[in-house]
Amino acid sequence: MDHIYYTSKFYGPTDSASKDLWVNIEQMDVRMVHRILSNTHRQTSRVNLSFDFPFYGHILKEIHVATGGFIYTGYYIHKMLTATQYIAPLMANFDLSISQNSAVVYSDNGISLVVQWDRVYLQEASHLGGFTFQAILHNDGRITFAYKEIPIDISMISSVNHPVKVGLSDAFEVLHKIEQLPDVRRRTIYEYHRVELQKSKITNSTAVEMLPLPTCLKFSSCEMCVTAQIGFNCSWCSRLQRCSSGFDQYRQDWVDRGCLHEIKNQNCGQLLDRKPIMRTSAPALHTGVSTVSTQRLTTSTTTPTSITSILSSSSSTKITSTSSSFKNLPPVILTHDSQMDITEKQREEQMQTGLLTGILVTMVLMVAAVLSTIYMYYHPTSSASLFFIERRPTRWPAMKFRRGSGHPSYVDVETMEQDQEGFIVMDPRGSFLVDRRESLFLTDQRERFLIMDRC
């Protein structure tokens, strides 16, 4: 299936590719069992990648692994991680504290990262059995979902307390200034694309492979950008020296640097040649007046104002360069000035009339709004009242996400030192386990977020 940014391929239980795509993480050189995530619920932990992972065309150097069966790809941790910016082999309400056998294991071999949710149970339906599945991120941008044990139909999992998703999502973040609080900025997250995979196809011993499609961000020159034939309307911004469709992780820079207003030209080599032509007034010379007459007009006048008047009178009457044109010059200039005065007076009258009309219309609308509000207040069962009640702000998607409805809160697990993680390092080549038991703390981000469903 073609998803614009990715192409997905499903492999059933009888396909040999489904078995090949499953990675036996126990046979990898070094694998890490996260001690905190393996015994908790609704928490995430940051994982630094040893390679650059292209996601939706931009590079990721770190991710956040969540207990809920997904990977968060955003840069800023907030409570509603399940809304957007995720890689979800199976996002659900998994509680790893239910069973001591549950674990989150991951391994990075330099070219790919394997994250495995091993024998995890649903909080509200632990009796159904454990789930075991993987997400593999490759350095070429490929993403693989592999499923070993799926005890029930995924479409039957309840989404009341936690979203149930399978697929990808990305968004861009924009900072907005608040006029009342000059030192405070509001961060708004806009989801611009989502890949939703068919849940009914996911069973035991199945796999999904997602291949990245080229995006505008891959082009490093203007010529390659504007001539790209990849399904996106690519534009080149000379101020950023970047190619983009306008909707990616770097949307903030694209808007702040004025790339939206920059002229897009298919021939990048002629972009500079057109600017001087647009500033000159050369077309005014093509009015029937020869080069000689232009020189005579210039030498016979003393001020730039008279030059402009003579040129404009020559273009309007299309006369030739004769001596009679100079005799009629003063009357033409006086007539032109009088016409300009009349035109300015007419414009002032039109502006005054338009201003009065605008004020009158505004007052009428305000009175109508007040009367309508009073009517709906005393008649709550009227059709107009019901119309606005059904569309009140509490039902808007933005307000819904702001209040966290349907999106459970996640907190981030961080260690006291950056180079020490709360995990157990397992080396199959040795006969010992190294248990790193550093003190951990939970961070609760206080920054206020506004998350939109679609851009």
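**Exercise 1. Describe the link between cysteine 237 and cysteine 259, starting from its handedness.**

With -65° about the S-S bond, the link of cysteine 237 and cysteine 259 is left-handed. Cysteine 237 lies in strand E14 and cysteine 259 in the loop between helix H3 (251-256) and helix H4 (271-279), so the pair ties together parts that are 22 residues apart in sequence. Helices (H or I, at least four residues) and strands (E, at least two) are DSSP runs, numbered from the N terminus. The two sulfur atoms stand 2.0 Å apart and form a disulfide, a term that here means a pair of cysteine sulfur atoms within 2.5 Å. Cysteine 237 is buried at 0% relative accessibility, and cysteine 259 is likewise buried at 6%. Buried means under 20% relative accessible area, exposed over 50%, and partly exposed in between, with a 1.4 Å probe and protein chains only.

The model is a predicted one, in which local features need pLDDT of at least 70 and side-chain atom pairs count only at pLDDT 80 or more, while totals for chains, interfaces and linings use all residues. Residues are numbered from 1 along each chain as its sequence is written, and side-chain values use heavy atoms, with hydrogens and water left out.

**Exercise 2. Find how many disulfides the structure holds, and work through those formed by cysteine 216 and cysteine 225.**

The structure holds three disulfides. In one of them, cysteine 216 is joined to cysteine 234 with an S to S distance of 2.0 Å. This pair links distant parts of the chain, since cysteine 216 sits in the loop between strand E13 (206-212) and helix H2 (222-226) and cysteine 234 in the loop between H2 and strand E14 (235-237), 18 residues apart. The torsion about the S-S bond of cysteine 216 and cysteine 234 is about -85°, so this disulfide is left-handed. Cysteine 216 is buried with a relative accessible area of 4%, and cysteine 234 is buried with 6%.

Cysteine 225 and cysteine 243 form another disulfide, with their sulfur atoms 2.1 Å apart. Here too distant parts of the chain are linked, with cysteine 225 in helix H2 and cysteine 243 in strand E15 (residues 242-244), 18 residues apart. The torsion about the S-S bond of cysteine 225 and cysteine 243 is about 75°, so this disulfide is right-handed. Cysteine 225 counts as buried at 1% relative accessibility, and cysteine 243 counts as buried at 0%.

**Exercise 3. Characterise the largest cavity by its volume, its lining and the classes of its lining residues.**

A search of the whole structure finds three cavities of 30 Å³ or more. On a 1 Å grid over the protein atoms alone, a cavity is a set of points where a 1.4 Å probe fits but cannot get out, and a pocket is an open set with protein on both sides within 12 Å along at least five of seven lines; lining residues have an atom within 4 Å of a point. Grid points are joined across faces, edges and corners, and a volume is the space filled by probe spheres set on the points. The largest cavity holds about 70 Å³ of space, and its lining residues include Cys216, Leu217, Phe232 and Asp248. By class, this lining divides into seven nonpolar, three polar and one charged, where Ala, Val, Leu, Ile, Met, Phe, Trp, Tyr, Cys and Pro count as nonpolar, Asp, Glu, Lys and Arg as charged, and the others, Gly among them, as polar.

**Exercise 4. State the volume of the largest pocket and identify what supplies its lining.**

The largest pocket has a volume of about 320 Å³. Of the 20 residues that line the largest pocket, those closest to its centre are Ile25, Glu26, Gln116, Asp118 and Arg119. Among the strands that each supply at least two residues of this lining are E2 (31-34) and E10 (143-149), while E8 gives the most, with three residues. By class, the lining of the largest pocket has seven nonpolar, seven polar and six charged residues.

**Exercise 5. Locate serine 205 and glutamine 241, and give the phi and exposure of each.**

Most residues other than glycine have a negative phi. Serine 205, although not a glycine, has a positive phi of about 60°; serine 205 is placed in the loop between strand E12 (185-196) and E13 and is partly exposed, with a relative accessible area of 36%. Glutamine 241 also has a positive phi, of about 55°; glutamine 241 is found in the loop between E14 and E15 and is exposed, with a relative accessible area of 54%.
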